[in-house]
Amino acid sequence: MTGPTVLVAGVGNIFLGDDGFGVETVRRLAAQPLPDGVEVVDVGVRGVDLAYRLLDGYRTAVLVDATCRGGAPGTVYLIEAAAEPLEVPVLDGHRMGPDAVLGLLATLAAGTGGEPPGRVLVVGCEPASLEEGIGLSEPVAAAVEEAVHVVLRAVEEALSSERRTTPC
């Protein structure tokens, strides 16, 4: 791949309340200048599309999504995705979170010859509500700016790491 080496992808369904967190976060990211080598996309509920996109030679992927981990609503997490293959999920076009997308990678890579990213991070936010409705809850809306900063730090770290490992 000769284009961007870091993919930042917003995942989520804007019609399910706080599940739209990833989409809103990448919308804000895309509105500001980003370093060369970074691509920001809103994949929404298109999990299969994201899985194929992850095989396009990116070195690092940062997936942004609502993430239930038991914390207080609005808590932002930075999670290093597991390197071991995950169980292949049942495909559901409207409910494919990062775990399901990552579970498809080995199968898709074998079938396409694509190369998954060497590192996958998830920037997640604890939701308050995933009920039908448009708009983020107050604590999740307040966490979007923090998530933008977490993503930017992760991107800078990834690009710095690439510069250190790439020969002149």
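The legends below describe close-up views of a predicted model of one protein chain.

**Figure 1. Overall arrangement of the protein chain.**
The secondary structure consists of four helices and five strands. Read from the N terminus, the elements follow the order β-α-β-α-β-β-α-β-α. The protein chain has 168 residues, and 47% of them count as buried.

**Figure 2. The largest nonpolar core contains 23 residues.**
V8, V62, V64, V123 and V151 have the most contacts inside this core. Two or more residues each come from β1, α1, β3 (60-66), β5 (119-125) and α4 (138-165). Helix α4 gives the most, with eleven residues. In general, nonpolar side chains of soluble globular proteins tend to be buried together.

**Figure 3. V151 of the core and its separation from T25.**
V151 lies in helix α4 and is one of the residues with the most contacts inside the largest nonpolar core. The relative accessibility of V151 is 1%, so this residue counts as buried. T25 is among the buried residues of α1. Along the chain, V151 and T25 are 126 residues apart, while their C-alpha atoms are separated by 9.2 Å.

**Figure 4. Helix α1 is mostly covered.**
Seven of the ten residues of α1 are buried. These are F21, G22, V23, E24, T25, V26 and L29. The list includes a charged residue, E24, whose relative accessibility is 18%. Because buried means under 20% relative accessible area, E24 falls within the buried class at this value. Helix α1 is also one of the elements that give two or more residues to the largest nonpolar core.

**Figure 5. The salt bridge between R28 and E24 within helix α1.**
The side chains of R28 and E24 form a salt bridge, with an N to O distance of 3.1 Å. The two residues are four apart in helix α1, so about one helical turn separates them. R28 is partly exposed, at 30% relative accessible area, whereas E24 counts as buried at 18%. As a general point, side chains of opposite charge can pair when their charged atoms come close.

**Figure 6. A salt bridge joins R28 to E145.**
R28 also meets E145 in a salt bridge, in which the closest N and O atoms are 3.6 Å apart. This pair links distant parts of the chain, since R28 belongs to helix α1 and E145 to helix α4, with their positions 117 residues apart. E145 is partly exposed, with a relative accessible area of 37%. Together with R27, the residues E24, R28 and E145 are linked in a network of salt bridges. The salt bridges in the model number seven.

**Figure 7. The salt bridge between R119 and E157.**
Here the side chains of R119 and E157 meet at 2.8 Å, N to O. R119 is in strand β5 and E157 is in helix α4; the pair is 38 residues apart and links distant parts of the chain. Both residues are partly exposed, R119 with a relative accessible area of 26% and E157 with 44%. Strand β5 and helix α4 also appear among the elements that give two or more residues to the largest nonpolar core.

**Figure 8. A nonpolar surface patch formed by I14, F15 and I134.**
These three residues make a patch of about 330 Å². I14 is placed in the loop between β1 (6-11) and α1 (21-30). The relative accessible area of I14 is 39%, so this residue is partly exposed.

**Figure 9. R69 and the ring of Y77.**
The charged end of R69 sits over the ring of Y77, at 5.4 Å from the ring centre. The number of aromatic pairs in the model is zero.

**Figure 10. T75 in the loop before β4, and its separation from P127.**
T75 is in the loop between β3 and β4 (76-80). With a relative accessible area of 26%, T75 is partly exposed. T75 and P127 are 52 residues apart along the chain, and 8.2 Å separates their C-alpha atoms.

Key: Residues numbered from 1 in each chain as written. Predicted model: local features only at pLDDT ≥ 70, side-chain atom pairs only at ≥ 80, totals over all residues. Heavy atoms only, no water. Phe/Tyr/Trp six-rings, centres within 6.5 Å; stacked < 30°, edge-to-face > 60°. Lys NZ or Arg CZ within 6 Å of the ring centre and 35° of its normal. Patch = residues over 30% accessible without salt bridge, like charges linked within 9 Å, V, L, I, M, F, W, Y side chains within 5 Å. Areas by Shrake-Rupley, 256 points an atom, 1.4 Å probe, with all protein chains shown as cover. Salt bridge = Lys/Arg side-chain N within 4 Å of Asp/Glu carboxyl O. Buried < 20%, exposed > 50% of the residue type's maximum accessible area, 1.4 Å probe, protein only. Core = buried A, V, L, I, M, F, W, Y, C linked by side-chain atoms within 4.5 Å.
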